[in-house]
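Visitor: I am new to reading protein structures, and I would like a close look at one part of this one. Could you guide me through it slowly?

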Amino acid sequence: MSEDERYRTSTQYRYWSYTPDSLAELRTTTNRIAADRVREAVQSAREAAVVSSAETSETENGSRAATAIQYIKRFYITNSLMTYHPTSILKTALFFATKTENHYFRLTKFADAIGKTTPEDVLASEFLLTQGLRFTFDVRHPFRALEGAVMELQAMANGQIPAADKPWEGREMGKRVKDAHGKAREYLKTSALLTDVYFHFTPSQIMMASLLIADPDLLTWYIGVKLPAEPMREKVMMTLEDCSSILRTVEPTSQPSGDELKELKRLAKKLNKCRNPEKMDLVGLQRAKREGEDGEEEKAIKKRKLEREKSAREGDDLFGPALTKNES
Amino acid sequence: MAVSPLVFPPAPADKNAGAKLSKLSNQGFNGAAPEGPSASSGTRDLAEQMNEEEKQKYVKGKKLGEGTYANVYLGHLRDDPKRLVAIKKIKIQKEYTEGMAPDAVRELKHLQEISHPNIISLLSVFSSKDQNLNLVLEYLPLGDLEMLIKDVEGVRYGAADIKAWMGMLSRAIWFCHENFVLHRDIKPNNLLIAADGEVKLADFGLARSFSDPYRIMTSNVITRWYRPPELLFGAKHYSGAVDIWSVGLVFAELVIRTPYIAGDTEVGQVNLICQAVGTPTEENWPGVSKLPEYAVPDPPNPIRGRDQYLGTFGTAGQEGVDLLMAMLILDPRKRITAREVLQHPWWASEPKPTRKQDLPRKEGGAEKIGEDLKRRPGILDDERGAKVARKLDFGKM
């Protein structure tokens, strides 16, 4: 199965891909003023999400925040901002993304932590959100694609993968790839989420377009290696140009603003502080309660002990101890 | 990259009749597209209208099964009463107060993406007034594999039939893995049978996408009898190999017509694996003793040899036994992959798999689909009582 075949079966392609015209028309239908305010809401969401997950690893928080943002963007295609206020949808989207991206966060903790919010507030629009998403929850991001391309480019740089007509010597190319990686990632984490590229392009196109911005010479050479034959090469390059020009409309350095954002930042920080300590224990208690099985608590104690011993053991491991949160 | 982005989404296949956005954008909604902000004029939002339209396509009929997690109804298309569907209505659960149930989220997320002849089709999703989720699934009236396996008196089948069923299961799991989805609950009563005899893998309530490197997963998945040793030992990083072990045990069960490794507890399950397959040790599985809950009875049993397998599973033939042994390799890194399963010489050897319309069948499947679809994932049937909660809840993640 090729990457393309797989992508064409995804709901992202079947339900959530549009031409610029059809998307504009839909948005007009839903709400004439939607687009700008969605961007505003999305900006806030991104900030909140990024802040709230600052302590988790790069790819993890990347996809959870990015998923929440796409949910919001998809939701407001068919729901009016006049009807549903972005801040409430935003909290719900962040919470719901923790479910769909396997990063669950207890609802009560989530609500307590962000303050001025009850669990009911968060849940109030959950169903609405899922309906607006047409019950499709899978979002295909370009982040993994970038890691893959960078690995391949690095392997070309150091000769593990032979590449003819390499215009740079190994070390220089390695440095270039590294720089391009960092810059491209910034575009994926910001520009790609705040513009409409997810609606118009595939994840691999978005990824390549971000590399095109980051290092045009490198990317042009890379595409030439992968697709030596015309007219495909030129066709692909044109698509990437289109995508990158949309990406450039929101530079990674542009700062969102507004009171809403400040408030969200504050909430997100609080949320973050409340997150880790004792979570496992509360969860264990909750589980024991639910299962109502005798001896469950004993089992939990034993398990915690095992886990402590395990992390002591794994402390010596090459990769350090296993993470003990957020498993799913 | 060959996909041109500048196209409308393809016209929805009948599977996803909900995909009407592109059409809507051209025509407005039934000629009543709101001119301005829809709410201010009292019109329902587009999303709500679409949901209503979806709901109107189906007629809900008699109840096929009732459970704590879901009720299952027989239904049909309003326009074509001969086209039957199963409507799984997810109940709002009293004990789960955190919104949409985890099982439903997982099931929806993955079934929406996956379309394959050997995987149950999700035809549509809509919500009813009370905010209950309704999953419209294809109607599979011939019960499940467990039903056939258990009815030793009433249903006779042979090596060719087993090969046909295993072929369909193997293609289903290959497709899941090819799409980076782990099913994590393969067992005979999740393998439903369509009117034409096609086997369909169902119940994606425990499924998840492959994890990123270093990102941990819970080991508390897969119904115990079908759970591989790495999960019983508490591994937090694992692969499609977990599903393959389950497939192997379904294979074994099809041959001997009783669950092959049926432990009463997790410890019991490990002990039985040590007897039936062999004891996992550092020799046959480097690193196993470092798994968090590694514990095996002393003294270790050697890995069971081919002759012993031939003694028990001889009906499957030499090649069949070879495949079974490859699926039940203790070390998940050495276990056969779904792709390799499909390339195995067993499929091409005699006997040829039975054509699906000639496969043995059994009446009474309508009740069975009701039973199967309403069940919580991850549990054994005889444990469906009050003391068993679902194996996976978000709290443990």
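Through how many residues does the hairpin join S2(B) to S3(B)? Please take me around the sheet that these strands belong to.

Guide: Happy to! The hairpin that joins S2(B) to S3(B) does so through six residues. Keep in mind as we go that this is a predicted model.

Let's begin with the whole sheet and then zoom in. In chain B, five strands make up an open sheet, in the order S1-S2-S3-S5-S4, and their pairing is antiparallel. The edges are held by S1 and S4, the latter covering residues 122–127 of chain B; each has a single partner strand, so one side of each is left without a neighbour in the sheet. On average, neighbouring strands here are turned by 30° against each other, direction ignored. If you are wondering how strands join up at all, they pair through backbone hydrogen bonds, and the pairing can be parallel or antiparallel.

Now follow the chain from the edge inwards. S1 takes in residues 58–66 of chain B, and S2 takes in residues 70–77. These two strands form a hairpin of their own, with three residues between them. They run antiparallel, joined by six bridges. You can pick out some of the partners by eye: Lys60(B) has Gly75(B) in S2(B) as its bridge partner, and Gly65(B) stands opposite Val72(B) in S2(B).

S2(B) is mostly covered, since seven of its eight residues count as buried. On the way to the next strand you meet the hairpin you asked about, the one with six residues joining S2(B) to S3(B). S2(B) and S3(B) also run antiparallel, and seven bridges hold them together. One pair to look for is Ala70(B) with its bridge partner Ile90(B) in S3(B). S3 itself covers residues 84–90 of chain B, and Lys89(B) is found in it. Is Lys89(B) buried or exposed? Its relative accessibility is 18%, and because buried means under 20%, Lys89(B) counts as buried.

Next, look at the turn between S1 and S2. Gly67(B) sits in the loop between these two strands. With a relative accessibility of 13%, Gly67(B) counts as buried too. Setting aside neighbours within four places in sequence, Gly67(B) is in contact with Lys91(B) and Lys374(B).

Several of the residues we have visited also appear in a database record. In an unreviewed UniProt entry, the annotation "binding site" covers Leu64(B), Gly65(B), Glu66(B), Gly67(B), Thr68(B), Tyr69(B), Ala70(B), Asn71(B), Val72(B), Lys88(B) and Lys89(B). Although they span 26 residues in sequence, no two of their C-alpha atoms are more than 14.0 Å apart, so they gather at one spot.

With the strands in mind, turn to the helices around them. Helix H2, residues 46–56 of chain B, lies across S1 and S4 of chain B, and runs at about 125° to S4(B). Helix H3, residues 102–111 of chain B, packs on the sheet as well, where it touches S3, S4 and S5 of chain B. S5 covers residues 133–138, and the direction of H3 makes about 45° with that of S5(B).

There is a side-chain link between this helix and the sheet, too. Glu107(B) and Lys88(B) meet in a salt bridge through their side chains, at 2.7 Å from N to O. This pair links distant parts of the chain: Glu107(B) belongs to helix H3 and Lys88(B) to strand S3 of chain B, and 19 residues separate them. Both Glu107(B) and Lys88(B) are buried. Elsewhere, salt bridges that share partners join Asp138(A), Arg140(A) and Glu113(B) into one network. Over all chains, a search of the whole structure finds 31 salt bridges.

To retrace the route on your screen, start at S1(B) and cross the three-residue hairpin to S2(B). Then take the six-residue hairpin to S3(B), and finish at the salt bridge between Lys88(B) and Glu107(B).

Technical notes. Residues numbered from 1 in each chain as written. Chains lettered and ligands numbered in written order. Predicted model: local features only at pLDDT ≥ 70, side-chain atom pairs only at ≥ 80, totals over all residues. Heavy atoms only, no water. UniProt positions renumbered as here; feature names shortened; annotations may be inferred. Helix = DSSP H or I, 4+ residues; strand = E, 2+ residues; numbered from the N terminus. Buried < 20%, exposed > 50% of the residue type's maximum accessible area, 1.4 Å probe, protein only. Contact = heavy atoms within 4.5 Å. Pairing = 2+ DSSP bridges. Axes fitted to C-alpha atoms, helices over the stretch in contact; angles between N-to-C directions. Salt bridge = Lys/Arg side-chain N within 4 Å of Asp/Glu carboxyl O.
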